[in-house]
Amino acid sequence: MDARLKEIVDNFEKMKIGVDEPFKFHCTMCGKCCINREDILLTPKDIYNMARELGTTPEEFVDQYCEAYIGGDSRVPIVRLKPRGPIKRCPLLKDRKCSVHKAKPTVCAMFPIGRCLMFQAGEPLPEKITADQIQYIFTDPGCGDDAETHTVREWLGAFGISLEDEFFVKWQQAIMELGQIFRDAEKVTSKRVMELSWTATYIGLYLNYDMEQDFLPQFEENAQEIIALMRVMPQEKAV
């Protein structure tokens, strides 16, 4: 578990905030939230939106701005923005401003609000995730000021993010299911087969999109195909 995730888990009750509970924050556009960051993880929807904004393909966008790796705990492919320079600035930051502001990553648009799913340790994962299982946290932004008061509902609404976010629910369901498949497979399957499976998942979930077509139907089809394929992953004995 990385340090940031451990901090959230350890302090969840203090950080938790209801959707109609007020919090104080005013963005002064100082740019501090765009430097010293190595934790801007991207969803397929983020990549699709930013690639579309820049007139590139998801593959071109990832090649230029991101890096991919296998999550230490989740065991699924993860894509993050690759920070640049000694101050680890966002690669999309130009003249201290976001070059994809209209299509910025969800985690950036929501800042300083975070969104997560909480389950009891040791309990089996639910067969289906629903919107009412989504919980929110308020993190100390370390920038801006408290000149404005907002609620989570209002804050997300201002950025066009619905509390009933259909994609977020489907994305969490997909990575939870794939994570379980991969964790089980690693116990009995060779490294070669795992690498091929991760590569297929990475391409299918993050890159395989027609930019002229709506995102969500493509994601749903891609996720279903990948999950079905991974369920029948060939078993080549681990050595």
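**Sheets, cores and salt bridges in the predicted model**

An open sheet of three antiparallel strands, arranged in the order β3-β5-β4, is present in the structure, which is a predicted model. The edges of this sheet are formed by β3 (41–42) and β4 (66–70), each of which pairs on one side only. Strands β4 and β5 run antiparallel and are joined by five bridges. Within this pairing, Glu67 is placed opposite Arg80 of β5.

Another open sheet, also of three strands, follows the order β1-β9-β8 with antiparallel pairing. Its edge positions are taken by β1 (16–17) and β8 (113–117); each has a single partner strand, so one side of each lacks a neighbour in the sheet. Five bridges connect β8 with β9 (residues 134–138), again in the antiparallel sense. Gly114 has Ile137 of β9 as its bridge partner.

The largest nonpolar core comprises 41 residues, of which Leu42, Phe61, Leu81 and Phe219 touch the most other members. Two or more residues of this core are contributed by each of α3 (44–54), α4 (58–65), β5 (77–81), α7 (166–186), α8 (191–207) and α9 (215–231). A second core, separate from this one, holds 20 residues, including Cys143, Val152, Ile161 and Leu163. In soluble globular proteins, nonpolar side chains tend to be buried together. The surroundings of Leu81 can be described in detail. When neighbours within four places in sequence are set aside, Leu81 is in contact with Ile40, Leu42, Phe61, Tyr65, Cys66, Cys90, Pro91, Leu92 and Pro105. Two of these partners, Leu42 and Phe61, are themselves listed with Leu81 among the core residues that touch the most other members.

Helix α7 was examined for its length and its N-terminal end. The 21 residues of α7 should span 30 Å at 1.5 Å a residue, and the end C-alpha atoms are 30 Å apart, in agreement with that expectation. The N-terminal end of the helix is capped by Asp165, a side-chain oxygen of which lies 3.2 Å from the backbone nitrogen of Phe167.

Asp165 also takes part in a salt bridge with Arg115, with an N to O separation of 3.0 Å. Arg115 belongs to strand β8, whereas Asp165 is in the loop between α6 (152–158) and α7, so the pair ties together parts that are 50 residues apart in sequence. Both residues fall below the 20% limit for burial: Arg115 counts as buried because its relative accessibility is 18%, and Asp165 is likewise buried, at a relative accessible area of 11%. Beyond its neighbours within four places in sequence, Arg115 is in contact with Thr106, Met110, Ile134, Gln135, Tyr136, Ile161, Ser162, Asp165 and Phe168. One of these residues, Ile161, is a member of the second nonpolar core.

Ten salt bridges were counted in total. Asp39 and Arg37 are joined through their side chains at 2.8 Å, N to O. Asp39 is partly exposed, with a relative accessible area of 31%, and Arg37 is also assigned to the partly exposed class, at 22% relative accessibility. A further salt bridge links Lys16 to Glu13, where the closest N and O atoms are 3.4 Å apart. In this pair, Lys16 is partly exposed, with a relative accessible area of 35%, whereas Glu13 is exposed, with a value of 60%. In addition, Glu166, Lys170 and Glu220 are connected in a network of salt bridges.

Strand β10 (residues 145–151) includes Asp146, which counts as exposed because its relative accessibility is 53%, above the 50% limit for that class. The C-alpha atom of Asp146 is separated by 5.5 Å from that of His26, although the two residues are 120 residues apart along the chain. With neighbours within four places in sequence left aside, Asp146 is in contact with Lys24 and Phe25.

Methods:
Residues are numbered from 1 along each chain as its sequence is written. This is a predicted model: local features need pLDDT of at least 70, side-chain atom pairs count only at pLDDT 80 or more; totals for chains, interfaces and linings use all residues. Side-chain values use heavy atoms; hydrogens and water are left out. A nonpolar core is a set of buried Ala, Val, Leu, Ile, Met, Phe, Trp, Tyr and Cys residues joined through side-chain atoms within 4.5 Å. Buried means under 20% relative accessible area, exposed over 50%, partly exposed in between (1.4 Å probe, protein chains only). Helices (H or I, at least four residues) and strands (E, at least two) are DSSP runs, numbered from the N terminus. Contact means heavy atoms within 4.5 Å. The expected span of a helix is 1.5 Å times one less than its number of residues. A polar contact is a pair of N or O atoms within 3.5 Å; within protein, one must be able to donate a hydrogen and the other to accept it, and residues adjacent in sequence count only if both atoms are side-chain atoms. Two strands pair if DSSP finds at least two bridges between them. A salt bridge is a side-chain nitrogen of Lys or Arg within 4 Å of a carboxyl oxygen of Asp or Glu.
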